[in-house]
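Ready for a few exercises in reading a structure residue by residue? Take a moment to look through the sequence and the model, then work along with the solutions.

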Amino acid sequence: MRRLGSVQRKMPCVFVTEVKEEPSTKREHQPFKVLATETISHKALDADIYSAIPTEKVDGTCCYITNYKGQPYLWARLDRKPNKLAEKRFKNFLHSKQNAKEFFWNVEEDFKPVPECWIPAKEIEQLNGNPMPDENGHIPGWVPVEKNNKQYCWHSSVVNYEFEVALVLKHHPDDPGLLEISAVPLSDLLEQTLELIGTNINGNPYGLGSKKHPLHLLIPHGAFQIRNLPTLKHNDLLSWFEGCREGKIEGIVWHCNDGCLIKVHRHHLGLCWPIPDTYMNSKPVIINMNLNKYDHAFDTKSLFNLLSKIDNQKFGRLRDIILDV
């Protein structure tokens with residue numbers, strides 16, 4: 001199977017969207033909704049959406065694995081945002097013109113500083129060697145997750161740089177109906193983007209771990225392919241999300257042959273998220289750590305060590321995994 005596309009910028013919706021002046025169910029205090037029409041967008045058609053691979057959109061925070069200090073590292077998403085004056089100018093322009101592409105940015109003066117190790121995301125537009133902001137006025141980018149950085153402590157919990165491994169959740173290689181948590185070499189994940197999910201991420205929609213014993217995992221983007229998706233019509237997708245077990249997910253991401261990624265979120269269709277019983281939590285999961293091949297022991301309080309204590313155990317669902325220090 002070919003490696004699917006990585007998430008390096010904002011994904012467009014598969015349908016043309018419209019704004020309705022109603023309180024958002026996605027973002028608190030947002031006075032409007034962005035809803036899908038029944039018309040498929042030109043971007044989706046240009047990317048040949050009908051031959052794309054549909055996958056589950058996972059609700060977490062986006063991460064990236066690339067080299068840093070001579071070894072594979074986990075990088076956290078950090079968008080470079082405009083300062084207050086530039087943001088005010090941008091919002092006033094949007095209010096009057098409604099076309100972000102005509103706005104002039106002075107990248108060197110309009111944006112807040114970022115750490116020296118920050119890198120811009122791939123595929124974003126550049127002008128005279130400077131990365132340019134997207135339609136939201138942000139410059140997507142990444143910062144390396146250092147071991148003792150408290151700001152990214154949950155990111156740090158899923159990687160070990162000494163052994164160069166990451167905690168990954170994906171389908172079991174021999175049983176697509178079974179999920180597997182395993183320690184995967186970071187080198188196997190180079191140049192991929194992944195979603196970090198868990199106890200302290202985005203309200204924990206999958207119910208992982210607990211406050212006392214948090215659990216976080218990485219899921220490669222495109223890992224959960226959707227096998228029985230209906231035709232690409234608004235009403236058919238709406239019925240699928242509402243009535244099918246497989247439809248109990250946050251959304252769909254189509255991986256197109258040209259590398260383009262197209263999405264639809266439940267909120268685009270006027271549906272709620274999070275929901276009580278997600279499709280991810282309907283599948284059994286097995287722990288397959290196999291840490292005996294490493295010469296030295298992992299830290300006793302690390303997730304790697306805690307999961308190794310329940311190695312080869314099978315659970316009815318992800319939320320049944322309880323870690324005990």
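The exercises below go through side-chain pairs, a sheet and two loop residues of this predicted model.

**Exercise 1. An aromatic pair**

Task: Classify the ring pair of Phe103 and Trp105 as stacked, tilted or edge-to-face.

Solution:
- Step 1: Start with the distance. The ring centres of Phe103 and Trp105 are 4.6 Å apart, and rings count as a pair if their centres lie within 6.5 Å.
- Step 2: Turn to the angle. The two planes meet at 70°, and planes over 60 degrees apart count as edge-to-face.
- Step 3: Phe103 and Trp105 are therefore an edge-to-face pair.
- Step 4: Now look at the surroundings. Phe103 has a relative accessible area of 10% and Trp105 one of 8%. Buried means under 20%, so Phe103 is buried, and Trp105 is buried as well.
- Step 5: Widen the view. Phe103 and Trp105 belong to one aromatic cluster together with Phe90, Phe93 and Phe111. The structure holds 15 aromatic pairs.

**Exercise 2. A charge over a ring**

Task: Find out which residue lies over the face of Trp142.

Solution:
- Step 1: Look along the face of the Trp142 ring; the residue there is Arg77.
- Step 2: Add the distance: Arg77 is at 6.0 Å from the ring centre of Trp142.

**Exercise 3. Three salt bridges**

Task: The structure holds 7 salt bridges. For the ones made by Glu250, Glu87 and Asp320, name the partner and describe the setting.

Solution:
- Step 1: Glu250 pairs with Lys57, and their closest N and O atoms are 3.2 Å apart. This salt bridge links distant parts of the chain: Glu250 is in the loop between α5 (234-243) and β15 (251-255), while Lys57 is in strand β3 (residues 53-57), 193 residues apart. Both Glu250 and Lys57 are buried.
- Step 2: Glu87 pairs with Lys91, with 3.7 Å between the closest N and O atoms. Glu87 and Lys91 are 4 residues apart in helix α2 (residues 84-97), so about one helical turn separates them. Glu87 is partly exposed at 33% relative accessible area, and Lys91 is exposed at 52%.
- Step 3: Asp320 meets Arg317 in a salt bridge with an N to O distance of 3.2 Å. Asp320 is partly exposed, its relative accessible area being 32%; Arg317 is partly exposed too, at 33%.

**Exercise 4. A sheet of three strands**

Task: Work out the strand order of the open sheet that holds β3, β15 and β16, and say which strands are at the edges.

Solution:
- Step 1: Recall what joins such strands. Strands of a sheet pair through backbone hydrogen bonds, either parallel or antiparallel.
- Step 2: Begin with one pairing. β3 and β15 run antiparallel to each other over 5 bridges.
- Step 3: Place individual residues. Ile53 has His255 in β15 as its bridge partner, and Pro54 stands opposite Trp254 in β15.
- Step 4: Complete the sheet. The order is β3-β15-β16, with antiparallel pairing. The edge strands are β3 and β16 (261-265), since each of them pairs on one side only. From one strand to the next, the twist averages 25°.
- Step 5: Add the helix. α5 packs on the sheet and touches β15 and β16; the direction of α5 makes about 125° with that of β15.
- Step 6: Return to β3. Here 5 of the 5 residues are buried, so β3 is largely enclosed by the rest of the structure.

**Exercise 5. Two loop residues**

Task: Decide whether Glu125 and Arg227 are buried or exposed, and place each one in the chain.

Solution:
- Step 1: Glu125 is found in the loop between β6 (119-120) and β7 (126-127). Its relative accessibility is 60%, so Glu125 counts as exposed.
- Step 2: List the contacts of Glu125. Leaving aside neighbours within four places in sequence, Glu125 is in contact with Asn130, Pro131 and Met132.
- Step 3: Compare sequence and space. Glu125 and Ile249 are 124 residues apart in sequence and 31 Å apart, C-alpha to C-alpha.
- Step 4: Arg227 lies in the loop between β14 (216-220) and α5. With a relative accessibility of 67%, Arg227 counts as exposed.
- Step 5: Arg227 and Ser210 are 17 residues apart along the chain, and 32 Å separates their C-alpha atoms.

Key. Residues numbered from 1 in each chain as written. Predicted model: local features only at pLDDT ≥ 70, side-chain atom pairs only at ≥ 80, totals over all residues. Heavy atoms only, no water. Phe/Tyr/Trp six-rings, centres within 6.5 Å; stacked < 30°, edge-to-face > 60°. Buried < 20%, exposed > 50% of the residue type's maximum accessible area, 1.4 Å probe, protein only. Lys NZ or Arg CZ within 6 Å of the ring centre and 35° of its normal. Salt bridge = Lys/Arg side-chain N within 4 Å of Asp/Glu carboxyl O. Helix = DSSP H or I, 4+ residues; strand = E, 2+ residues; numbered from the N terminus. Pairing = 2+ DSSP bridges. Axes fitted to C-alpha atoms, helices over the stretch in contact; angles between N-to-C directions. Contact = heavy atoms within 4.5 Å.
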